[in-house]
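Trainee: Got a minute to go through this model with me? I'd like to talk about side chains and charges.

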Amino acid sequence: MPADKSFYLTTPIYYVNDAPHIGHAYTTLMGDILTRWHRQRGERVWYLTGTDEHGQKVLRKAEASGVEPQAWVDRLVETEWKPMLETIDVANDDFIRTTEQRHIDGSKAFWEDLYARDAVYKGEFAGWYSVGSEEFVGDDDVTPGEGDDAGSMVSTLDGSRVEQVTEENYFFRLSDYQQRLLDLYEQQPDFIAPASSRNEIISFVRRGLRDLSISRSTFDWGIEVPWDDEHVMYVWIEALLNYVTAIGYGTDEERFEELWPAVHLVGKDIARFHAVIWPAMLMAAGRPVPHRVFAHGWLLVGGQKMSKSKANGIHPDELVAVFGSDAYRYYFARALTFGSDGSISYEDIHARYHADLANGLGNLASRVSAMIGKYFEGSLPAAGTVTSAEQAVIDLAATAVADADAAIEALAPQDALNSIWRLVDALNGYLAEQAPWKVAKEDLDRTATILATAAEGLRALAVVLAPVMPKAMAVLWDSLGATEAIGPLADQRIADAGRWGQLPAGTPITKSASLFPRIEESKVEESSAEA
Ligand code: MSP
């Protein structure tokens with residue numbers, strides 16, 4: 001990415017037919033960890049998330065609840081979707097709602113551009129539509145439903161019910177873009193990742209593309225087509241536009257130029273919209289395509305994709321109430337491979353919380369500060385002669401930080417945490433071996449070297465773990481007296497984190513409240529029972 005460009009990252013915008021569950025929170029959380037890391041590198045960053053509020057799915061839910069759609073979405077956004085960001089401690093720069101005027105204006109401008117370039121024409125659509133996934137479904141992809149769906153047709157793509165629609169619609173000339181899209185995937189091999197999604201997309205496009213219906217004319221909960229008030233924009237086409245309307249498309253060209261193109265994080269279910277339709281629309285409008293689209297896998301609960309309709313949807317609050325937002329963030333980043341499906345369970349979160357956080361990192365931090373309190377009256381001692389034991393820690397810190405940084409670049413936060421945990425484990429091993437509590441009885445100079453080394457290790461950890469566990473690392477930074485000594489945590493750079501000897505001797509070290517207090521089993525059981 002050119003140095004003068006911002007790192008612009010987006011999440012999907014979420015349907016507000018219901019409250020969020022941890023599957024939605026997952027994409028937003030991973031984006032937050034990545035963008036916080038890029039900020040910690042000193043880059044300019046723009047992180048966008050938001051809500052997808054138009055379309056039949058939301059409309060029907062509002063109607064079924066006897067509420068006007070606008071009132072429905074206003075309430076859910078304010079009471080559920082925005083608070084979710086606070087619950088999991090997300091530092092997004094912007095939040096776009098598709099009912100906002102800036103989105104309406106920008107979307108209309110984009111349509112005008114498509115129309116002017118002859119990418120759109122009027123036609124008749126007759127076929128299947130799934131309101132559940134807001135998707136036109138081809139004849140080959142529907143089959144008679146079974147069980148609860150008996151008597152209806154369902155989509156073989158995701159099992160959602162489909163209905164027959166015959167409408168006069170506007171179409172987008174998607175079929176014109178087959179070769180240009182294939183060229184794009186070839187010339188920019190990481191345009192769509194991971195490989196499983198890339199292969200799926202390429203074979204989908206190779207099979208041939210049909211023009212796409214992009215307006216609806218049988219209901220009006222949407223944005224009017226600028227030249228035809230009988231039509232509203234098809235919700236997916238309008239939703240994709242959020243990525244450009246939020247940064248000034250059609251309203252603030254300078255800002256748009258500064259931020260576009262973006263990196264899009266999406267769940268693998270919606271990779272096709274982002275890696276096929278969206279770049280084709282941008283090509284048609286004469287605009288650059290996204291940098292890349294990264295498709296992650298499913299959170300599975302009890303082996304099944306978690307979703308509200310299966311009643312296995314867990315609200316982020318339920319976990320954060322027990323483990324806190326930092327441990328929640330750590331768990332999803334460390335325990336799952338970004339890009340693959342992964343199972344989660346209360347037992348697993350509980351086990352990792354105690355092994356990695358309470359016993360691993362938390363214990364390390366509290367022992368070091370307690371011993372500096374006990375043997376050096378809370379003042380960081382100067383390190384003396386460095387032996388091979390210290391040198392091993394110093395070298396490992398430099399490689400762990402560099403490896404973690406490379407992992408983030410490769411969109412692999414779990415690898416970044418694995419690297420960082422090599423340092424946590426090494427520091428715990430170093431303390432166990434050096435046993436400063438024993439050495440202190442006969443050699444305070446040596447004790448000083450051991451504890452100064454451990455404190456430096458904690459300093460480095462606080463910097464590289466701040467993007468993952470911002471609250472706990474702020475507490476750790478405080479207890480290391482680091483703000484006064486070397487400046488605010490936010491100003492520390494990843495590239496510099498592994499450089500040794502930054503905390504000066506004499507820095508006041510205080511014992512903080514336990515970073516990760518132990519959690520009784522009963523609390524977890526209560527919460528499991530509620531879920
Ligand atoms: N509104 C569209 C997206 C438009 S983007 C221009 C939509 N919304 S959604 O509410 O259904 O959310 C979809 C996203 O939520 C998925 O792509 C994924 O990022 C996330 N997840 C929803 N359930 C999930 C899991 N069980 N596991 C992981 N992520 C999941 O589609």
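**Contacts and charges**

Mentor: Start with Asn169, whose side chain comes to 3.3 Å from the backbone oxygen of Ser215. That is a polar contact, meaning N or O atoms within 3.5 Å; within protein, one must be able to donate a hydrogen and the other to accept it, and residues adjacent in sequence count only if both atoms are side-chain atoms. Keep in mind that the model is predicted: local features need pLDDT of at least 70, side-chain atom pairs count only at pLDDT 80 or more, and totals for chains, interfaces and linings use all residues. Residues are numbered from 1 along each chain as its sequence is written, and side-chain values use heavy atoms, with hydrogens and water left out.

Trainee: Which side chain does Asn169 join in a polar contact of 2.6 Å?

Mentor: The side chain of Ser213.

Trainee: And where is Asn169 found, and is it buried or exposed?

Mentor: Asn169 is in strand β8, residues 161–172. Helices (H or I, at least four residues) and strands (E, at least two) are DSSP runs, numbered from the N terminus. Asn169 has 0% relative accessibility, so it counts as buried. Buried means under 20% relative accessible area, exposed over 50%, and partly exposed in between, with a 1.4 Å probe and protein chains only.

Trainee: Switching to charges, how many salt bridges are there?

Mentor: The count comes to 30, where a salt bridge is a side-chain nitrogen of Lys or Arg within 4 Å of a carboxyl oxygen of Asp or Glu. One of them pairs Glu258 with Arg44, with the closest N and O atoms 3.6 Å apart.

Trainee: What does that pair tie together?

Mentor: Parts that are 214 residues apart in sequence, because Glu258 lies in helix α9 (253–259) and Arg44 in the loop between α1 (22–40) and β2 (45–52). Glu258 is partly exposed at 32%, and Arg44 is partly exposed at 44%.

Trainee: What about Asp94 and Arg102?

Mentor: Their side chains meet in a salt bridge at 2.9 Å, N to O. Asp94 is buried, at 14% relative accessible area, while Arg102 is partly exposed at 25%.

Trainee: Which residue does Asp356 bridge to?

Mentor: Arg352, with the closest N and O atoms 2.9 Å apart. The two are 4 residues apart in helix α12 (residues 346–376), so about one helical turn separates them. Asp356 counts as buried at 12%, and Arg352 as partly exposed at 26%. Elsewhere, Asp32, Arg36, Asp89 and Arg329 are joined into one network by salt bridges that share partners.

Trainee: Which residues form the negative surface patch?

Mentor: Asp220, Glu224, Asp229 and Glu230. Patches are made of residues with over 30% relative accessible area and no salt bridge; like charges are joined within 9 Å, nonpolar side chains (Val, Leu, Ile, Met, Phe, Trp, Tyr) within 5 Å. Glu224 lies in strand β12, residues 224–225, and is partly exposed at 39%.

Trainee: Last topic: how far apart in space are Val131 and Val58?

Mentor: They are 9.3 Å apart, C-alpha to C-alpha, with their positions 73 residues apart in sequence. Val131 is in the loop between β4 (120–130) and β5 (135–137) and is buried at 8%.

Trainee: And where is Ala271?

Mentor: In helix α10, residues 271–284. Its C-alpha is 8.0 Å from that of Ile201, 70 residues apart along the chain. Ala271 counts as buried, at 3% relative accessibility.

Conventions
Accessible areas come from the Shrake-Rupley method with a 1.4 Å probe; for residues, only the protein chains shown count as cover. Lys and Arg count as positive and Asp and Glu as negative; His and the chain ends are not counted. The place of a charge is taken as NZ of Lys, CZ of Arg, CG of Asp or CD of Glu.
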